[in-house]
Amino acid sequence: MEHRLLLTLALLSCTAPAFAQPQPQPQPLSKPEPACLRQIDVYSFEPVAGNRALIVTDRRHNRYRVRFLGICNDLQFNMGLAFKTHGAGSLSCTAQGDSVIHRDPAGSPQCLIAGVDWQTPAMDKADAQAAAARHR
């Protein structure tokens with residue numbers, strides 16, 4: 001019995017300091033990683049009021065804001081669209097100078113991309129306010 005008690009105390013003394021040590025804190029990223037929207041991952045899209053941007057959701061539910069160089073009309077009436085990238089394949093990131101292609105019988109079927117950013121909650125709030133102001 002005494003032998004078991006000594007063995008138990010010895011085991012506790014060896015493992016106790018490991019529990020008492022503070023856990024290392026994860027280091028915050030100095031810069032967020034750049035947004036990389038791959039055309040193969042596109043799941044859904046939603047036009048932004050004013051037709052100057054498009055909110056795209058990928059298969060991992062990441063949301064991106066695709067900004068256009070000008071106004072891209074009638075995106076809200078399209079069931080589908082395509083991305084034309086200058087990369088090597090469908091795994092390349094959509095970037096400035098690439099295009100969104102859609103059906104538009106009256107105008108240009110191609111909209112040039114000015115940039116791709118992460119869609120943030122602050123942008124969602126600003127979009128909702130802009131849409132509400134247009135409906136007044």
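The following dialogue walks through the disulfides and the aromatic pair of a predicted model.

Biologist: Let me begin with the cysteines; how many disulfides does the structure hold?

Modeller: A disulfide is recognised from a pair of cysteine sulfur atoms within 2.5 Å, and by that reading the structure holds 2 disulfides. One of them joins Cys36 to Cys93, with an S to S distance of 1.7 Å, and another joins Cys72 to Cys111, with an S to S distance of 1.6 Å.

Biologist: Where in the chain do Cys36 and Cys93 lie?

Modeller: This pair links distant parts of the chain, 57 residues apart, with Cys36 in the loop between α1 (2-20) and β1 (42-47) and Cys93 in the loop between β4 (82-84) and β5 (99-101). As for the link itself, the angle about the S-S bond is -85°, and the link of Cys36 and Cys93 is left-handed.

Biologist: Are Cys36 and Cys93 each buried or exposed?

Modeller: The general idea is that a residue under 20% relative accessible area is called buried, one over 50% exposed, and one in between partly exposed. Cys36 has a relative accessible area of 17% and is therefore buried, whereas Cys93, with 35%, is partly exposed.

Biologist: What does the link of Cys72 and Cys111 tie together?

Modeller: Cys72 lies in the loop between β3 and β4, while Cys111 belongs to strand β6, so this disulfide ties together parts that are 39 residues apart in sequence. Here the angle about the S-S bond is 70°, and the link is right-handed; both Cys72 and Cys111 are buried.

Biologist: Which pairing results when the bonded cysteines are numbered in sequence order?

Modeller: Numbered in that way along the protein chain, the bonded cysteines pair as 1-3, 2-4.

Biologist: Turning to the aromatic rings, how many aromatic pairs are counted?

Modeller: Rings pair if their centres lie within 6.5 Å, and planes under 30 degrees apart count as stacked. By this rule the count comes to 1 aromatic pair.

Biologist: Why is the pair of Tyr64 and Trp118 called stacked?

Modeller: The ring centres of Tyr64 and Trp118 are 5.0 Å apart and the ring planes stand at 25°, so the pair is stacked. It links distant parts of the chain, since Tyr64 is in strand β3 (residues 63-68) and Trp118 is in strand β6 (residues 110-118), 54 residues apart.

Biologist: How do Tyr64 and Trp118 count by relative accessibility?

Modeller: Tyr64 counts as buried because its relative accessibility is 1%, whereas Trp118, at 28% relative accessibility, counts as partly exposed.

Technical notes: Residues are numbered from 1 along each chain as its sequence is written. This is a predicted model: local features need pLDDT of at least 70, side-chain atom pairs count only at pLDDT 80 or more; totals for chains, interfaces and linings use all residues. Side-chain values use heavy atoms; hydrogens and water are left out. Rings of Phe, Tyr and Trp (its six-membered ring) pair if their centres lie within 6.5 Å; planes under 30 degrees apart count as stacked, over 60 as edge-to-face and the rest as tilted. Helices (H or I, at least four residues) and strands (E, at least two) are DSSP runs, numbered from the N terminus. Buried means under 20% relative accessible area, exposed over 50%, partly exposed in between (1.4 Å probe, protein chains only).
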